[in-house]
Amino acid sequence: MKITLLEPLGIPAEVLAQYQAKLEAMGHTFVSYDTKTADPAELTARTGDSDIAIIANTPYPASVVEAAPNLKLLDVAFTGIDHVGLSACKEKGVMVCNAAGYSTQCVAELAIGLAVACLRFLPACDQAVRAGGTSAGLRGREIGGKTVGIVGTGAIGTMTARLFQAFGAKVIAYSRTVRPEVQAMGVEYVSLETLMETSDIVSVHTPNNAETKGLISKDLIAKMKPTAILLNVARGAIVDNAALADALNQGKIAAAGIDVFDMEPPIPADYPLLHARNTVLTPHVAFATDESMLRRAEIVFQNLEAYLAGKPENVCKL
């Protein structure tokens, strides 16, 4: 089969070469590109007559799927697949696999980091030191003793809950699926309204789909405590970010730590969160560490081997 890696995976060249050599020893052709492109025409050209295409978080629209005559498997080096033309994949019978699990640790860690940055005013502290200032007005708050609400208790939400518990927080959760193993951790499931009303820290960890888009609405943000902070390391569209910016600017909530937006960075200059008070913003980096990129590649190429052996893994429901 012809296998094409359409964008870099962020791993050392020698590691990629090892994966390539293994596939070629099995009789397959492997082609890779070391640059990203979001241009559908270029993605179509790169895909060409490939049987299997590998992408990460670059949008892969329906038009590209439809133009690929031999495409049988789309191996997505990412957890979410909302950037893929899934309806076209379903119509053409193209299997989609993802790399679930590779970023669990690093995304959960960034959620903690954003919480600390918000509670301890880390950006303002940094600026104060550089400007010859002092600690005046920069007394922060602790995670210990706070109530943390986890929205979505999949792998990442559950890991985030564990880390917050390690800091001494009480954790509550909302999820469509109640998981006994999460309850066994001492986490109480509550309604989303109760979670928003009672949490000192709200951390969002749901996938982005038709049911979750806009889930954290203006009305729900209005239910938050004025001392509360909101963290989003999941998907930007889950939160009404214009309403969040308004709430921050009006002092209705205390702060927000945001890694994901309604678009991929670079963010337009007029985007409301860029001008909101008490925000710590990161450019969609939660998934990206040296360790996670190696884990991701291992899952992606294991997906290939499993598919080629007739025992596909990490198959996504379309």
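**Group meeting talk: strands, cores and one long look at H12**

Hi everyone, let me start in the middle of a sheet: isoleucine 150 has serine 203 as its bridge partner in E9. One thing to keep in mind as I go is that this is a predicted model.

So, staying with that spot, isoleucine 150 belongs to the pairing of strand E6, residues 147-151, with E9, where four bridges join two strands that run parallel. E9 also pairs with strand E10, residues 229-232, again through four bridges and again parallel. In that second pairing, valine 204 stands opposite asparagine 232 of E10.

What about the two faces of E9, covered or open? Both are covered: Ile201 and Ser203 are buried on one side, and Val202 and Val204 are buried on the other. As a reminder, side chains in a regular strand alternate between the two faces of the sheet.

Let me zoom out for a moment. The protein has twelve helices and twelve strands. Its radius of gyration is 21 Å, close to the 20 Å that the globule rule gives for 318 residues, so the protein is as compact as a globular protein of that length. The C-alpha trace spans about 65 × 50 × 30 Å along its principal axes. Of the 318 residues, 47% count as buried. And if you take contacts between residues at least 6 apart in sequence, 62% of them join residues at least 24 apart.

Next, a sheet you can pick out on the screen. Five strands form an open sheet in the order E2-E1-E3-E4-E5, with parallel pairing. Which strands stand at the edges? They are strand E2, residues 29-32, and E5; each has a single partner strand, so one side of each is left without a neighbour in the sheet. From one strand to the next, the twist averages 15°. At the E5 end, three bridges join E4 to E5, and leucine 73 has methionine 95 in E5 as its bridge partner.

Now for H12, which lies across E1, E2, E3, E4 and E5 and runs at about 165° to E3. Does its length fit, you may wonder; here is the check. At 1.5 Å a residue, the 19 residues of H12 should span 27 Å, and its end C-alpha atoms are 28 Å apart, which agrees. Buried residues in H12 include Met293, Ala297, Val300, Phe301 and Leu304. It helps to recall that an α-helix has 3.6 residues a turn, so residues three or four places apart point the same way. Just after H12 comes glycine 310, whose phi is positive, near 80°.

That brings me to the packing. The largest nonpolar core has 44 residues, and Tyr60, Leu74 and Phe301 have the most contacts inside it. Among the elements that each supply at least two residues are strand E1 (2-5), helix H1 (13-25), strand E3 (52-55), strand E4 (73-76) and helix H12 (290-308). Which element gives the largest share of this core? That is H12, with seven residues.

Tyrosine 60 deserves a pointer of its own. Leaving out residues up to four places away in sequence, tyrosine 60 touches Leu6, Thr47, Ala53, Ile55, Val65, Leu71, Leu74, His83, Val84 and Gly85. There is also a second, separate core of 30 residues, which includes Leu195, Met224, Ala243 and Leu244.

Last stop, the backbone oddities. Most residues other than glycine have a negative phi, and most peptide bonds are trans. Against that background, the peptide bond from proline 265 to proline 266 is cis, with omega near 10°. Proline 266 sits in the loop between strand E11 (255-258) and strand E12 (279-281). Asparagine 278 is in the loop between E11 and E12 too, and its phi is positive, near 55°.

Histidine 284 also has a positive phi, near 55°, but histidine 284 is in the loop between E12 and H12. Which of these two residues is buried, and which is partly exposed? Asparagine 278 is partly exposed, with a relative accessible area of 38%. Histidine 284 is buried, with a relative accessible area of 10%.

That's my tour. Thanks for listening, and I'm happy to take questions.

Terms used. Residues are numbered from 1 along each chain as its sequence is written. This is a predicted model: local features need pLDDT of at least 70, side-chain atom pairs count only at pLDDT 80 or more; totals for chains, interfaces and linings use all residues. Side-chain values use heavy atoms; hydrogens and water are left out. A nonpolar core is a set of buried Ala, Val, Leu, Ile, Met, Phe, Trp, Tyr and Cys residues joined through side-chain atoms within 4.5 Å. Buried means under 20% relative accessible area, exposed over 50%, partly exposed in between (1.4 Å probe, protein chains only). Contact means heavy atoms within 4.5 Å. The expected span of a helix is 1.5 Å times one less than its number of residues. Two strands pair if DSSP finds at least two bridges between them. Axes are lines fitted to C-alpha atoms, for helices over the stretch in contact, and angles run from 0 to 180 degrees between N-to-C directions. The radius of gyration is taken over C-alpha atoms; the globule rule is 2.2 Å times the number of residues to the power 0.38.
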